Each structure stands twice: as structure tokens, then as C-alpha cells.
Amino acid sequence: MTPDADPIAAPVARLHGDAFAANPEAAYDALRAAGPVAWAEIADGVHALIVTSHRTAITLLNDAATYSKDSRHWTALQQGLVPANSPVLALMAFRPSLLYADDDRHVRLRRAMDDCLARIDLHNLHEITQRHARELIAAFAHVGHADLMTQYADTLPLRVFTDLLGCPAQLVDPMLAACQGMIDAGPQAEQASHDLARCLNDIIELKTSHPGRDCTSWMLSHPAELTHEEIMHQLVVLIGAGTIPTAAWIASSLRLLLTDDDYSSNLTGGAVTVRRAMEQVLWVRSPMANFSAHYARHDTTLDGIDIPAGVPILISHAATGTDPTLPDLGYDNRAHLAWSAGPHRCPADSQAAVITQAGIETLLDQLWNLDLTNPDVPNRHGPFHQCPSALDIRFRPQPADAFATPTASTGRYP
Ligand code: HEM
């Protein structure tokens with residue numbers, strides 16, 4: 001076994017902490033110099049192999065016979081060597097959902113997810129997003145400044161998802177609070193995770209007796225006959241996988257639009273300009289930075305690197321997008337791995353694009369003379385997502401009564 005593949009080999013980079021949040025490319029450069037796959041520390045005392053090469057990532061992601069998504073294969077976790085309170089466990093510890101499932105079980109859960117997502121009407125999704133966007137903007141439009149991260153990008157996808165899930169009015173605030181607690185990943189995260197599970201169980205009970213036109217009801221009536229527990233875990237993935245990267249996509253695209261001269265001088269370019277910035281972000285600031293954890297089912301090699309069984313291997317979606325060995329394909333090209341690839345590729349790229357584009361366009365329509373006052377803030381901490389920690393803007397304040405309540409929307413999905 002080469003030193004690169006030795007689980008106790010010194011990591012060549014830290015994918016957490018202040019330095020990584022301030023300059024992730026330095027960590028990716030160090031990893032690239034050590035090979036297409038190299039060791040990193042992803043949290044205190046937690047090590048993983050990271051794939052930075054685009055080509056190697058595609059090989060791994062399409063080899064389900066060798067690599068499993070089931071984190072019960074993670075030897076260090078099974079042996080109690082991962083600190084029980086490690087922040088990475090929120091996304092890496094096993095749950096009985098499609099994200100950690102292989103083979104036939106994944107096919108069954110994935111089909112239920114795909115079929116539910118396919119029933120979301122994208123036109124309605126656009127309208128719902130616009131309505132929530134306008135409500136959020138109305139809360140700060142008269143002030144003349146805001147942190148678009150906490151006051152807009154974080155909250156917008158969450159609100160949209162309460163509609164998609166058919167969340168009844170009395171559960172919207174508890175659900176938003178629980179999701180926000182999980183996103184904050186602070187000491188309250190575990191309590192927030194229990195609160196979210198309770199909200200989702202309540203929604204599942206309600207939709208069992210009163211089905212509607214929402215993802216929860218569609219999941220309940222799906223021919224795959226998922227149990228309530230399976231549905232609860234599917235919905236946790238739907239929210240977790242759906243909201244946090246979408247918030248990051250909105251934020252990074254807005255930052256690019258407001259700071260890059262090519263875009264900021266052309267904001268009147270409308271949808272085309274916004275869409276181009278969104279595509280560029282998928283290449284150069286992938287919202288999922290390092291994710292898609294896999295575990296080799298047996299000792300193996302990957303592009304000449306020994307891969308021991310039972311260690312987590314993460315795809316650096318961020319580093320593969322900026323892989324210097326890639327030919328210059330232009331940002332319109334969709335060959336990036338921001339959505340991953342293979343059986344677990346994100347099933348919701350169209351839905352995510354609708355939410356992101358509607359969120360950005362509504363904001364740019366509603367607020368004028370936008371100026372980003374802190375363009376160089378570091379990212380949020382943590383290895384998984386790539387997202388600015390704040391987006392402070394100033395703009396021309398609007399009269400308090402400028403935002404009439406829109407009438408076009410029903411207020412509920414669809
Ligand atoms: C409407 C918003 C979204 C929804 C509902 C959603 C949903 C999901 C679901 C259910 C999965 C699990 C698929 C499986 O394991 O078979 C997934 C995976 C994934 N999603 Fe999304 N997603 C959304 C937005 C995004 C965004 C904005 C990004 C980044 C650009 C993203 C990147 C990914 C990646 C990289 C994976 C693979 C994860 C893995 O293999 O572990 N998603 N998504």
C-alpha cells in the first residue's frame with residue numbers, strides 16, 4: 001500500500017477551518033499536487049480521500065460495483081474513532097434514504113424520488129419562488145441595506161420547500177426554525193434535526209388522511225410503497241440536499257453578478273446574463289464543494305492510487321470544476337460535475353435552476369443601485385458546501401408601501 005492510501009498517512013490539506021474558508025483553491029492545489037486522489041482532514045480527527053481529478057471522479061462515480069454509498073462501510077466510524085459530535089456526521093452518518101442506498105434498494109427509492117420530482121410543475125415552481133422572494137425582499141426593501149445570505153438566499157429555498165412538501169400553515173414556522181438550526185450546524189443542530197423529523201412525521205400523518213398535490217402525498221401514494229419511516233428519510237434528503245446547495249448557488253451567482261465587470265455592467269441583460277452567471281458558478285464555485293461520499297467494498301486501486309476498503313472517498317466537485325488539465329470548454333458546456341454523475345447524480349437540476357434563477361431575477365428586478373459592500377468575505381466553514389458567509393448589500397431604499405401583496409399566486413403549491 002502506498003503512503004497515499006494509508007489511512008493514517010498525514011493529510012495534505014485541511015478542508016475545514018479558517019484557512020480553507022478563506023482560500024479553498026490553496027487546499028485543492030495541495031491535493032492535486034499529491035495525485036488524483038489524496039488524503040485530507042475534513043473535520044477535527046476525521047480523514048477522507050479526496051478526488052480532485054475530473055477524469056478520476058467520473059471513473060469512480062460510474063463504478064457502483066466497486067464503490068458503495070452506504071456509510072456503514074466506514075471502518076473508523078464503526079470502530080468509534082470518529083468523534084461522536086463531529087459536524088461531518090450530520091451528512092455522512094447512515095440514514096435509510098436513497099443517498100446511502102446501493103443497487104436495487106437505491107433504484108426503488110430513487111424511482112419514487114424521480115417520479116415525485118417530475119410531478120412538480122416548473123411554471124408553478126417559478127411563481128411560488130417569485131412570491132416568496134417578493135415577501136422576503138419586502139421585509140428589508142425600505143431599509144436600504146441587507147445581508148442577502150441570511151435575509152434572502154438561506155430562507156428562500158426553505159420557504160419554497162414548505163410549499164412543495166404541503167406543509168400546513170401551523171407547521172411552517174417550526175419547520176423553518178428546525179431547518180435553519182440544521183443549516184447553522186451549531187450546538188442546537190441535533191435538537192433541530194429531531195424537530196425537523198417531528199414536523200415531517202406530522203406532515204406525513206396529515207397527508208395520509210388528507211392527500212394533496214404535494215411531494216409528501218405523491219411519495220405516500222407511489223407504487224414503490226415506501227413505509228412512513230422511509231418517506232420521512234426521503235423528505236429529510238429532499239430538504240437537506242435541496243435547500244443548502246440552492247442557497248449557495250443563489251449567493252455565489254449573485255456575488256459574481258454584482259462583482260464581475262462582465263456581468264455587473266450588463267445586469268439589464270436579464271435572464272441570459274443571470275443564466276450565464278449561474279452556469280459559471282457551477283464550474284468555478286460548485287455549491288456542493290466536496291461530497292458524494294463513497295466507500296470501496298474491497299481494497300482496490302483508482303488511477304494508480306491504492307484505495308483501502310472502508311475509508312470515505314469524497315468527490316471534490318469544486319476542484320474537478322477547476323481541474324487545470326481540463327481543456328477550456330467554456331462555461332456553457334455542461335461537462336462539470338457540480339451535479340455529480342452516475343446513479344446518484346442530482347435528480348433535481350431543473351427544479352434547482354428554476355428556484356435559483358427566479359430568486360436572482362426577482363431580487364435584481366426589485367432593488368436598484370445594488371452595491372455589494374463585502375465582496376471578499378470567506379466562505380462558510382465546513383468541507384461540504386461552498387457558500388459566501390455573508391453578502392452585505394446597499395441599495396436605494398424603496399418606499400415602505402412599494403410592495404403590494406401579489407395576487408397571482410394561490411399561496412400554496414401548485
Ligand atoms: C431543488 C433543489 C434540489 C433538490 C430537490 C435536490 C435533491 C437531491 C437528491 C434527492 C439527491 C440524492 C440523489 C441520490 O442519492 O440518488 C441529490 C444529490 C445531489 N445533489 Fe441535489 N438537489 C437540489 C439542488 C442541488 C444543487 C443546487 C446542487 C449543486 C449545484 C446539487 C448537487 C447535488 C449533488 C452533487 C448530489 C450527489 C450527492 C451524492 O452523491 O452523495 N443539488 N440532490
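## Around the ligand

The ligand is surrounded by 27 residues, and the closest of them are Ala-241, Gly-242, Pro-245, Cys-346 and Ala-348; a residue is near a molecule if its C-beta atom, placed from the backbone, lies within 6 Å of it. This is a predicted model, in which local features need pLDDT of at least 70 and side-chain atom pairs count only at pLDDT 80 or more, while totals for chains, interfaces and linings use all residues. Residues are numbered from 1 along each chain as its sequence is written.

Four elements each supply at least two residues of this shell: helix H6 (103–118), helix H13 (228–259), strand E6 (290–296) and helix H17 (349–366). Helices (H or I, at least four residues) and strands (E, at least two) are DSSP runs, numbered from the N terminus. The top contributor to the shell is H13, with seven residues. Sorted by class, the shell holds 19 nonpolar, seven polar and one charged residues. Here Ala, Val, Leu, Ile, Met, Phe, Trp, Tyr, Cys and Pro count as nonpolar, Asp, Glu, Lys and Arg as charged, and the others, Gly among them, as polar.

## Two domains and their contact

The protein chain is divided into domain 1 (1–91 + 290–337) and domain 2 (102–288 + 341–414), with bounds that come from an automatic or database domain assignment. Their centres, taken over C-alpha atoms, are separated by 27 Å. Domain 1 brings 28 residues to the contact and domain 2 brings 23 residues; two residues are in contact if their C-beta atoms, placed from the backbone, lie within 7 Å. On the side of domain 1 that touches domain 2, two or more residues come from each of helix H1 (18–22), helix H3 (54–61), helix H5 (89–92), E6 and helix H16 (317–321). That side has 16 nonpolar, nine polar and three charged residues.

The ligand draws on both domains too: each of domain 1 and domain 2 gives at least three residues to the shell around the ligand.

## Helices H13 and H15

Let us return to H13. At 1.5 Å a residue, its 32 residues should span 46 Å, and its end C-alpha atoms are indeed 46 Å apart; the expected span is 1.5 Å times one less than the number of residues. Most of H13 is covered, as 25 of its 32 residues are buried. A residue is buried if 20 or more other C-beta atoms lie within 10 Å of its own, exposed if 12 or fewer, and partly exposed in between, with C-beta atoms placed from the backbone.

Helix H15 (residues 271–284) has 14 residues and reaches 20 Å from its first C-alpha to its last, close to the 20 Å expected at 1.5 Å a residue. Its buried residues are Thr-273, Val-274, Ala-277, Met-278, Gln-280, Val-281, Leu-282 and Trp-283. Their cover includes H13, helix H14 (261–264), H16 and H17.

## A small set of strands

Three strands form an open sheet in the order E5-E11-E10, with antiparallel pairing. At its edges are strand E5 (145–147) and strand E10 (371–372), each pairing on one side only. Two strands pair if DSSP finds at least two bridges between them. E5 and strand E11 (residues 392–394) run antiparallel and are joined by three bridges. Within E11, Ile-393 is the bridge partner of Ala-146. Strands of a sheet pair through backbone hydrogen bonds, either parallel or antiparallel.

## Residues to look at

Phe-291 lies in strand E6 and counts as buried because 22 other C-beta atoms lie within 10 Å. Leaving aside neighbours within four places in sequence, Phe-291 is in contact with Leu-314, Ile-315, His-317 and Phe-384. Its C-alpha atom is 9.2 Å from that of Ile-50, although the two are 241 residues apart along the chain. Ala-22, in helix H1, is partly exposed, with 13 other C-beta atoms within 10 Å. The C-alpha atoms of Ala-22 and Pro-378 are separated by 4.4 Å, with their places 356 residues apart along the chain.

Two backbone angles also deserve a look. Most residues other than glycine have a negative phi. Asp-103 has a positive phi, near 50°; this residue is found in helix H6 and is partly exposed, with 13 C-beta neighbours inside 10 Å. Asn-369 also has a positive phi, near 55°. Asn-369 sits in the loop between H17 and E10, and counts as exposed because it has 10 C-beta neighbours inside 10 Å.
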